[in-house]
Every structure is written in structure tokens, then in C-alpha cells.
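This briefing covers a sheet and two side-chain environments. Please view the sequence and structure alongside it.

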Amino acid sequence: MKQNIIDIQNVTKSYESGKPVLNTISLAITKGSFVTIIGPSGCGKTTLLRLINGMEDADSGQIKVLGKDLADWDKIQLRRSIGYAIQQGGLFPHLTIKENIGFVLSISGNEAVSIDKRVNSLAEIMSFDNRQLLSYPAELSGGQQQRAGVARALAANPEIILMDEPFGALDNITRRTLQKELKEMHQKLGITFVMVTHDLKEAFTLGTKVVIMNEGKIEQYDAPDNIREKPTNEWVKEFTME
Amino acid sequence: MSILSEIIKTVQERHEYLYELLVQHILLSLAAIVIITAIGLVTGIGILYNPKLRGPILGTVNFLYTIPSIAMFGLFIPLIGIGYVNALVVLIIYGLLPVIRNTYTGLNVVDPLLLDAAKGMGATPWQVFSRVRWPLAFPTIVSGFRTMVVMTIALAGLASFIGAGGLGQAIYRGINTNNSALILVGSISVALLALLADLAIGKIEKSLKKKSVTKGKSHVWLKYSGLFVIAAIALFMLFTKTGKSTGKEIVVATKPTAEQYILGEIISQLVENNTDIQVIRKFGIGGGTSNIHPAMLKGEIDIYPEYTGTAWLFVLKEPQIINPDSLYSALTKAYAEQFNLNWICRLGFNNTFTLALPETVAQENSIHTFSELAQKSNSFIFGAEFDFFEREDGFAGLNRIYPFNFKNKVELDINLKFQALENNTVEVINAFSTDSRIKQMNLRVLKDDKLFFPAYQAGIVIRNETLQEFPELNGILKGLEGLIDDSTMLQLNYEVEIEKKSPDEVAQTLLKSHRLIK
């Protein structure tokens with residue numbers, strides 16, 4: 001049996017307003033899987049994602065990442081070992097694409113030469129040319145920006161990559177292309193991906209396993225085909241039909 | 001002579017003086033800019049992280065910013081006195097708003113999504129600030145900095161008002177000595193300085209941007225280093241300046257009139273040429289006696305020329321003494337006892353209120369005194385400014401001593417009085433006895449034969465402590481006793497105000513002709 005690279009057990013989380021965002025959630029993610037999280041807005045999917053790299057703290061329950069309890073992790077080290085990509089790439093407008101991709105390596109104190117080497121090899125994989133590398137994010141198309149965001153998340157060779165609606169703002173064609181690329185990359189690199197999305201088709205195409213969430217609870221967590229064939233309840237059936 | 005050639009002549013003749021003012025101006029501005037930048041950045045960052053302090057601090061600096069600058073300079077005189085420090089404090093208070101506001105706003109409006117992204121990638125709080133928040137806020141901060149620099153350089157022009165020097169002194173001196181070329185040279189210099197500074201900051205900002213593209217991550221430090229270089233230069237200049245001032249020196253101040261500038265130069269040059277004491281000139285202090293006298297008591301000024309009437313009536317607030325000699329001896333006694341200030345000597349002239357009429361008219365009617373004028377007054381029209389007619393020590397009191405019966409009395413604006421005389425709207429006016437226009441228009445000053453107007457004899461006031469420290473000053477300055485009579489002072493004022501000679505040149509010629517300096 002494959003090892004659980006992320007193990008969430010009985011986690012509850014609520015904000016000051018009272019009602020829990022996450023209600024006794026458990027989720028085990030095996031190494032090398034591609035897990036997509038989907039649900040209506042406000043269901044707690046982004047909060048769940050942000051628990052994994054310590055951007056949010058749970059009120060109760062236990063979270064293990066890379067075999068180590070979250071409480072034992074130095075948060076800065078934890079985040080540097082996890083790739084992180086957000087909507088529109090979250091690229092820094094004052095840095096070039098090259099500097100953006102090298103950001104994690106740079107803040108971790110790597111030598112300029114080794115950063116350069118890594119960025120160039122990523123640029124080759126993502127087919128960025130030199131002119132694009134020296135441009136600022138605003139000078140590139142949305143799709144290109146997003147690919148730079150993915151490249152940035154990959155830069156430090158993480159075992160896990162978290163993505164929060166990375167392709168949210170893109171047009172359909174660009175989106176499908178990037179999804180295809182991402183899928184190939186996952187198969188080639190064997191990295192564990194956890195991705196929050198609001199696009200049902202994206203969740204089912206990319207995910208080796210899909211988490212269906214509603215009102216702070218996981219309704220179903222299974223392979224896409226199993227969910228389609230055997231939805232656990234009426235709500236899941238309804239939701240996945242859209 | 002065209003105004004342009006007058007400007008060129010002014011610059012040629014006074015380039016040393018102007019250079020000195022320029023250096024003072026730059027030093028004052030730079031010191032203010034460095035301190036403002038330091039305080040402004042720290043405060044701006046501080047209120048970003050302390051929301052409780054934000055409202056009160058922004059409110060306070062906003063409020064201070066709305067106080068008119070002249071009022072602000074005046075406001076601080078009782079608190080910190082005149083001169084460099086006061087000017088610096090005022091400049092700092094004004095400059096803080098744009099720096100604090102732009103620093104805070106620039107840092108605050110950075111997209112939280114980007115800060116979150118940086119944190120999520122494992123940036124430490126300092127890295128989030130230095131790699132993301134600060135560089136994104138930087139253009140806004142620089143624009144606040146630019147506003148502040150231009151404003152500070154312009155505002156430093158007002159510093160001369162309180163004796164802190166700078167190019168404003170040329171403007172102020174130009175106004176007080178009726179020299180429009182000097183006013184223009186001063187104003188243009190301030191404007192050019194501000195413009196150049198603005199351009200330079202723009203250039204530096206641009207080149208930093210370019211470097212950041214090619215050099216990658218080091219650009220943050222390049223941006224900081226620009227500020228550090230400016231700070232280093234300013235601090236270096238400050239230290240060299242204070243280092244120089246450890247020797248023997250005295251401060252000579254004057255009120256803002258041409259006559260006072262000349263007297264100030266006479267005193268300063270006499271001291272400089274006969275001792276090894278360095279003279280710091282704080283000429284043209286705004287507000288005159290009301291600001292100079294307190295500064296004398298505080299020890300910020302050592303010597304200044306004063307008039308007996310002003311000292312007796314305005315400073316001591318004593319009732320009038322008619323006899324000028326009795327006045328002087330009462331005055332010197334009171335000054336020594338109450339203020340520990342010494343009157344060294346009287347210079348010889350009396351700059352008091354008088355009546356004047358064209359020399360030709362005076363000759364035709366053989367009028368020399370107020371009494372003679374009173375007898376023949378029914379054939380003349382008298383002109384004076386509005387408040388002269390109002391004041392008890394003006395026309396009303398005068399008319400009680402001398403039974404004037406003018407054909408007509410005309411109220412005029414003080415600046416139009418001489419003009420009205422020239423085109424015969426009026427025939428007799430009131431005037432100050434050493435006003436250069438008396439000579440320019442060839443007027444006769446009449447004798448106040450029944451001594452109605454108080455004496456305003458010019459003299460030199462010095463601090464007792466200064467005299468004890470430099471006893472040689474007593475003998476040297478006594479050399480000026482009785483040296484300048486009414487007509488001599490009138491002539492000197494005429495040379496400066498009408499012939500546009502500089503006060504130092506006029507003073508030098510006088511002292512040389514009496515062999516008081518080589």
C-alpha cells in the first residue's frame with residue numbers, strides 16, 4: 001500500500017463568526033496522486049488546501065505532511081518544500097518572469113548560478129524563450145502567466161504542489177491546453193498535486209481522485225469513475241451532473 | 001539698464017555671497033530631507049503595523065501641514081529661538097506629511113493576494129516585506145519623497161526670515177533694499193535648485209528600474225543605497241559644518257531694512273578686520289526687534305544695531321523722555337540691569353519721524369523748522385499714511401505742539417507718498433529722516449525744534465557675556481561712535497537702495513575712508 005504523503009484527521013476549523021468552515025474532516029492523500037477538490041463556493045475547499053501548508057491553523061484534529069506532524073514543522077521550511085500556485089499565477093509584477101520562477105530558490109538562499117540553471121531548465125520544459133524570461137508578467141498573456149506560475153511552483157523540486165484555482169481566469173482553449181500539459185507533467189514527474197477548482201470537468205479530467213465538498217464536510221472522496229458510477233448520496237449525484 | 005543685464009551684473013559682483021547662500025540652502029535642505037526621510041519612513045511603516053496609531057498620527061501631520069509656513073516659523077521662535085534649528089524643525093514638520101502618507105499608502109495598497117502568495121511560498125515576514133511589499137510600494141514612496149524634496153527646497157527659502165540663511169536671504173535682502181535683480185536671482189536660484197533635485201531623483205529612480213531588469217535580486221539594495229548615499233553626503237556636510245564652528249565666533253544680527261544691513265556690515269567688517277573672531281551674519285531677521293531682542297537674551301545673537309526710541313518705548317515700554325541724552329543714559333542703565341545687555345555707543349544719526357518738503361520750496365519760503373512750517377502751513381497740502389493721522393504720537397499730538405493749519409490734509413498709502421509729492425498732489429509729507437528717497441528727490445528735512453518726536457538714535461547693543469569673552473570688542477566698536485551723522489546715513493542708504501550697491505561694498509568704503517580697516 002502506498003504511503004500517505006498528506007494525512008488529515010478529524011480536523012475542525014471555524015472563523016470568528018462561529019459556524020465551522022471545516023467540520024471534522026479526514027482526508028488521506030497518497031504519494032504521487034492528483035487530488036482535485038471541488039464544491040460550491042463557501043464549502044471550505046480553499047481553507048482545506050491552506051491547512052496543508054500551514055497558511056491556516058486547525059482548531060482541532062491532526063495533520064501530517066511528508067510523514068511529520070504539522071506542529072513539528074517549521075512553517076517556513078514546510079512552505080518551501082511545498083509548491084504553491086494561486087489564481088492568475090500570483091506573479092509579482094515588479095519581477096521578471098525569470099525572477100518570479102526563481103523566487104522560492106532565491107528566498108531559500110540559493111546561489112545565483114544554481115538558480116539560473118534551474119530556471120533555464122524549467123524554461124525549456126515550459127518552452128519559454130529568453131525574451132519572455134526577461135519580460136514582466138504584464139507583458140505576457142494570461143496563459144503564459146499561468147504557466148510561469150506553475151513553473152514557479154515546480155522550481156524548488158517539491159514533492160507536493162498545492163494549487164488554488166490556478167486556471168480560474170483563463171479562456172476555455174488556453175485552459176484545456178494547460179490542463180493537458182499539467183496532466184503530462186504529473187505523469188512524468190510523479191509529484192503529488194492537490195488542486196482546488198470550481199470547474200467540474202477540470203476536477204474529473206485531472207484528478208486521480210476527487211474530493212466533493214459541501215458545507216464544511218467531505219461528501220465523497222474517490223476516483224472520478226467511482227463517483228460517477230456510485231455517488232454516495234443524492235446531493236453528490238445532483239452536483240456532479242451539472 | 002535692462003533687468004537681464006542687471007541680473008548678470010548681480011551674479012558677477014556677488015557670486016561669493018550667492019555661493020555662500022547656495023551652500024547654506026543646500027545644507028539646510030539636505031539635513032531636513034535626511035531627517036524627514038528617516039522619520040517619515042519609520043513612521044509610515046510603523047502605522048502600517050499599528051492601526052491604533054494610524055488615525056492620530058495621520059491626523060496630526062495633516063493638521064500641521066495646513067498651518068501657514070510663515071506662522072509656523074513665527075510659532076517656534078519663542079520655543080526654540082531663531083536660526084538653523086528652528087528652520088530645520090519647521091522644514092521637518094512640513095516635509096513629514098507627504099513621506100509618511102505615501103509610505104503608508106504605498107505599502108498598504110499592495111495586493112494582499114501577492115503578499116499571501118509570497119508567504120505561501122515560504123518567504124519569511126521580512127522577505128515578504130523586503131521582496132514584495134516594499135518594492136511594490138517604492139514608486140509611491142519615491143513620489144512622496146520627490147514632493148517633499150521640492151517642497152523643502154522651496155520652503156527653505158523662508159528660512160532666512162528667521163536668520164537661518166539660504167537663498168531666501170538674497171530675496172529678502174532684495175525686497176528690503178529695493179533691489180529687484182537680487183530678488184530675481186534669489187528666486188530663480190531656489191526654483192532651479194528645486195527643479196534640478198526633482199530631475200535628479202527622477203533620473204536615479206529610472207536607472208534603478210533599469211538595473212533591476214538586468215541585475216535581478218540586488219535591485220532592492222540598490223534602491224536603498226540611493227537613500228543611503230544622500231544621507232551620507234548630508235551627514236558628512238553637517239559634521240564638517242559643525243566641526244568648523246568650534247573656533248571664536250560671534251553672531252551679528254540686523255532687522256530687515258537696508259539701513260540695518262549696512263550697519264550690520266559695518267560692525268561685522270570692523271570686527272573681522274581687527275580681530276581673529278569669525279562673524280556669523282544673521283541679517284534681516286523677520287519681525288525685527290520683537291524677535292532679535294529675545295534671541296539676544298537667549299544668547300543666540302551677540303550684537304545688533306538698535307534705535308534708542310525703539311528700545312525705550314517698545315522693549316522697555318517706558319514713558320517718553322524728550323532729551324535724547326537723558327534717554328540714552330536711562331536706557332543704558334536699564335538695559336544693563338534688566339537684560340545684562342550693553343549699549344556700546346551711539347553711531348551719530350537719528351532715524352526718527354520728521355517732516356519733509358522739496359528743497360526749492362523750502363528755500364523760497366525759508367523754512368528750516370517745524371515751527372516755521374507751522375506759520376506758513378496754510379499755503380501747503382500735507383500728505384501722510386492713514387495711521388499717522390490716527391495715532392496720538394502722530395499728527396494729533398504734533399498739532400498740539402505746533403499749530404499747523406494746512407490748506408488740505410491728504411491720506412495716502414505709505415508707498416505712494418513720495419510719488420504724490422513728485423506730481424505735486426501734496427507738498428509736505430512725513431518721512432523717516434534717513435530715507436534714501438529724501439536724497440533722491442532732493443527734499444529738505446525740517447528740524448523738530450520743540451522736540452515732539454522721540455529720538456531714534458542708532459546704537460550698538462552687545463551681550464555682556466560676549467563682551468567679557470572678547471573684551472577687545474569694546475574698544476574696536478567704540479571707534480564707530482558718532483561716525484555716521486544723518487546725512488552720511490542718508491547717503492549710504494541712497495547708495496544701496498537707489499544706486500544698487502551692495503551693503504558690504506558701501507560699508508567697506510566707509511570704514512576704509514575712516515581708516516578703521518585696511
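The points below take the sheet of chain A, then two residues of chain B.

This is a predicted model, in which local features need pLDDT of at least 70 and side-chain atom pairs pLDDT 80 or more, while totals for chains, interfaces and linings use all residues. Residues are numbered from 1 along each chain as written, chains are lettered from A and ligands numbered from 1 in written order, and side-chain values use heavy atoms, without hydrogens and water.

**Sheet of chain A**
- Four strands make an open antiparallel sheet in the order S2-S1-S4-S5; strands are DSSP runs of E with at least two residues, helices runs of H or I with at least four, numbered from the N terminus.
- At the edges are S2 (20–30) and S5 (68–69), each paired on one side only.
- S1 (4–14) and S4 (60–65) pair over five bridges; pairing requires at least two DSSP bridges.
- A:Ile63 in S4 is the bridge partner of A:Ile8.

**B:Arg444**
- B:Arg444 belongs to strand S9 (443–445) of chain B.
- B:Arg444 counts as buried because its relative accessibility is 14%, the limit being under 20% (exposed is over 50%, partly exposed in between; 1.4 Å probe, protein chains only).
- Beyond four places in sequence, its contacts (heavy atoms within 4.5 Å) include B:Leu355, B:Ile367 and B:His368.

**B:Thr369**
- B:Thr369 sits in the loop between helices H15 (359–364) and H16 (370–376) of chain B.
- With 13% relative accessibility, B:Thr369 is also classed as buried.
- Leaving aside neighbours within four places, B:Thr369 touches B:Leu446, B:Lys447 and B:Asp449.
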